[in-house]
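Reader: Can you put the model up? I have a few questions about strands and helices.

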Amino acid sequence: MNVQQLGETIKDRFGPDVIDFETLGPDQLYVTITPESLVAVAEHLYQNEGCRYVINSGTDRRQQRDAFLITHFFTQDEEKIYIAVHTEVGADDPQVDSITPVVPAANWSERETRDMVGVVPVGHPDPRRLVLSDDWPEDLYPLRYDVAHDVHPPPAEGVAPERLEPPEGASVVPIGPFFPVLEEPAYFRVFVEGEQVVGADYRGFYNHRGIEKLGCSVLTYNQVPFIAERICGICGYVHSCSYCQTVERAAGIEVPDRAEYIRTIVLELERVQSHTLWLGIAGHIIGFDTVLMQTWRMREPLMWLCERITGNRKAYGMNLLGGVRRDIKPEVYGDIRGVIDKIGDEWAELAAAIPGDSTLMARLQGTGILTTETARKLGAAGPTARGSGLAIDVRLDHPYAAYDRLEVTKCVHDSCDNLARVLVRLEETLDAIKIIHQALDDMPDGPIMAEIDEELPAGRQAMSAVEAPRGEVFHWVLTGTENRPERWRVRAPTYANLQCVPPMLEDNALADVPICIGSYDPCFSCTERMEVVDVNSGQVRVYTEEEFRNEYDQPGDK
Amino acid sequence: MTFVLNLGLALLGGPLLAGVVRKMVKARVHSRQGPPIIQPFYDLFKLLGKEDLESSPSLVLRYAPMVALAAILAAALLTPMGVRPPLGGHGDMIVFTYFITIAAVMVIFAGLVSASPYSMMGAGREIMMHLVVEPVLIICLVIAAIKSGSLVMWDMAAWNYVNGPSISMIVGGVALLLALQAQIGKIPFDIAEAETEIMGGPLVELSGPKLALFEWAFFARQIVYASVLAAIFIPWGTGFALPWNIGAHLLKITVIILLVGLIDVVNPRLRIDQAMSYFFGVVFVALVGMAFALIGA
C-alpha cells in the first residue's frame, strides 16, 4: 500500500471526519481530522493498519487559527510510512479525547502536551503531572507562545509529586533521584515484597531544559542543530541529523551525496562509541568492573578519532542545514579503518566470551522480561524493541542519509530478556563497523554542503527519524517565519523505552532492577577532556592528547 | 610474642594484602595503574580522622564497629598462623566460631538500626548469606575435629601435618575454599554490600571512624579465614623450624588471597537466590567430607 492509498483508505473509512490529507514524498502522510473522530482513527491505525505509535505534539496556533493543533504521530514500518494525525481544538475549550485507553504508548506524551501546552486529554487513565517541576504554577504553560522562554516562576515550598500507592503488603525501595549507577537523576519507586519486585512508579524529567521552546522562540534554523546535539550527552549527533533532515525535507533542500555519506559514517562511529560505553556501564552495574575498564579502554582511541574528524570527542557540531561543516579527507580513511578494526577484533572476542561465562549468563538470562506484546503496546524502540522480537530499525524501515545505498542488518533477538538486549547491541556494533567500511569504500566525491540562497518557506512540515544507538529518534518541524521553526517536536528513544521499565521490573528480584534499567541504556553525559587545576593559583590547564597518552598509557597498550 | 604475630598479621597484613590485590591483580586485569599498595592504610587513616557522625541515636550503632573489630581480633588470637596461636590453650573452635559470628551479627545490627531501606535490605541479605556460609566453616572444622580428636585448632593443624593428607580433609578443604569468597565478602558473593544495587548495604549510613573500624575488621577477617584454610587444611610447612613455618604460612595465605582477588575481578555479582543454591551445593560437599571423616577416610 503506498502513501496515497493509505490516505484514501482512511478517508473512505471515516468519510466527513477526515477534513483533508496530504502527502510528502512516498513516505509521509498528513491527515487532518475532526476532534470527535480522533480516538476512532487512532484505534484504526493502531489495530487495523498495524501502526506503531511514536509521539504526540501540541502546538499553540491561537495567533493563526484561534486553536491548538494536536498531532499524533504513527509509523507503518512495513510500508515505510510515517503518519501524522492532526486535529484542531478550540482555544476557548482546550480539551481533546485521550487516545491512551486505545493506544497505551500515548500515555506520557499526552500528559506532556497537557503540561506544556495546556490541552487536557479527557479520559486519560493516569493524569498526573509528568514533565513540569512540582512547584511550577498550574496555569502557566511554557510552550504557549505568550509565555517567554526565560520565565522564572517563584519556587514553592512543600510540594511533592503525586505518587502511586504500593500494593497491599509491599514496601517501597527508592532507586533515585540520585543513585550510583544511574548517572542522571531519575526516581524509580520500586515496590517489593522481600526481594521480589511487584511494581514500580517513575518520576523523572528533573533535567528538562526546554530545548524545544528555545528552538521555537530564540534560535534560528542554523543554530538549532547545535543545541539539538546537546539533547543527549552521548548520542547527540542523531538529534542534529534528524533535525537537519527534517528541515531539509520540509524546505526541499537537496543534500549532496558526500555529505550524506559523512553523516552516515559519523552516525555509525557514534553507535560504536555509545555501545562500547553502554557495555562498560552494564558490566559495572552487575559488579563486573573488568568489563567496564576494558571496554572503555577499547573505546578511547575512537574518541580521539572522532576528535580528529569532527574537532570534538563528543557534541561533534558537524551538521548544518544542507550538509556537513567538515569533510573527511581521504588520508584519514586508513586511520578510521585501523581504529574501528581494532575495536572490532576485541569486540568479537568479547562477544564470543559472553555466552560462555556462566555467572554472567545467570544474571542476564531470563531477567528483565519485556514481552513482544508489551514492547509494541508501549512503543519500545531500538535495541529494546529488537531484543523483544520487534524487527524495527529506522535505517531499514525509513532509510535516511546514505543507508539506502548500504547493506544494513537488522539484529533481532526474541528471548525478550536482558541477554537479548545485550546480544542485539553486541551484533549491532560489529555491523556498524562493516557499515563504516562500506561507506568509506563507496564514498563519492563532491561538495559537502548545499547552497541555500533564499529564505526557507513558512508553513511547511516534515518528519524525519534516525536510528540512534538507543532507538528511533523522531523529529517533526512546522516551519515558521523569522528564520526559525514555528514548532519543533523531538522524541528521544529513551522517552519510549523508559515507559517499558515498570513492566520490565515486575517479577524480578530487586538485585536485577539496576541491570534491567541499565539494559535499555539510559543516557548520560560524559566529560570532555581532562583538566588539571592548580589549587594554589587556580589555573586550569587542559591536557593535550599527547601529554595524556604519555602520562597515563599502560605499557601494554602501545 | 605470638600475640604480636597474630594481631600484627590481622591488623597490618590484612590491609596490606588487600592493597597488593588491588594493585597487582585488580588493576592489572583492568589495564590500570592502580593505587599505591598501602592505599588501604591511607583510606583507613583518612576515615579515622573524620568527624564521628551518628546517623541514629542507637547505642548499638555506636559500639558495633568496636565490637566487630574486637571479635575478629579475638578470633585471630585463636587462629594458628604458622605457630601455636597465643590463646590456643584457652579456646577452641567453638569459641572461635562464636567470635566470628559476633562480628557478623554486629554488621547485621548496624544495618538494622540505620534507618535506610538499603541497609535493611543489606542486613537481610547478610543474614541469609551468613546462614548458608557459616555452616560450611563449622562442618569443615568438625571434620578436622573428628580426624584429630581435638576441638583445639592448633591440634587439628598439627594432626594434619603429622598424619598427612586424607580424603575427608581434602574434601573439607575444597568446601572451605569454595566458601571463602563469600566469607570475606568478595564478588561474586559481595551481595550484602552490592554497591551498585543497595549502595553498600548494612554500612550505607556509616562514615568516618565507625566505617574505618568495620573496614579494618573486614581486612583482618580475610587473614583469619585464609589462615584457617591454610593452617588446618593445607598442612605444608606447619612443622618447619622457626621462622620458616611463619614464612610458609604467609606464603600460603598470600596465594589464597591473591586467588580470591582474581576470582573477584573476573566475575559479576550473583543474585542472592543464585548464591543460596550455590551454597547448598557447597554445604553438601562439606557434609560428604564429614561422612568420609566418620568412616575414617
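Author: Here it is; this is a predicted model, and we can take a strand in chain A and then a helix pair in chain B.

Reader: Start with β5(A), residues 81-90. How many of its 10 residues are buried?

Author: Eight of the 10 are buried, so β5(A) is largely enclosed by the rest of the structure.

Reader: How do β2(A) and β4(A) run relative to β5(A), parallel or antiparallel?

Author: Strand β2(A), residues 28-33, runs parallel to β5(A) and is joined to it by six bridges. Strand β4(A), residues 67-76, runs antiparallel to β5(A), with 10 bridges.

Reader: Which residues in β5(A) do Ile33(A) and His72(A) pair with?

Author: Ile33(A) has Thr87(A) as its bridge partner. His72(A) is opposite Val85(A).

Reader: And what about the turn between β4(A) and β5(A)?

Author: That hairpin has four residues between the strands, and Lys80(A) adopts a positive phi near 60° there.

Reader: Switching to chain B. How do the axes of α1(B) and α10(B) cross?

Author: The axes of α1(B), residues 2-30, and α10(B), residues 244-265, come within 9 Å and cross at roughly 40°. That angle makes α1(B) oblique to α10(B).

Reader: Left-handed or right-handed?

Author: The crossing of α1(B) and α10(B) is right-handed. Residues making the contact include Leu9(B), Val21(B) and Lys26(B) from α1(B), and Ile253(B), Leu258(B) and Asp264(B) from α10(B).

Reader: What is the split by residue type in that contact?

Author: The contact of α1(B) with α10(B) has 14 nonpolar, four polar and two charged residues.

Methods
Residues numbered from 1 in each chain as written. Chains lettered and ligands numbered in written order. Predicted model: local features only at pLDDT ≥ 70, side-chain atom pairs only at ≥ 80, totals over all residues. Heavy atoms only, no water. Axes fitted to C-alpha atoms, helices over the stretch in contact; angles between N-to-C directions. Helix = DSSP H or I, 4+ residues; strand = E, 2+ residues; numbered from the N terminus. Parallel < 35°, antiparallel > 145°, perpendicular 65-115°, else oblique. Left-handed = near helix turned anticlockwise from the far one by under 90°. Contact = heavy atoms within 4.5 Å. Nonpolar A, V, L, I, M, F, W, Y, C, P; charged D, E, K, R; others polar. Buried < 20%, exposed > 50% of the residue type's maximum accessible area, 1.4 Å probe, protein only. Pairing = 2+ DSSP bridges.
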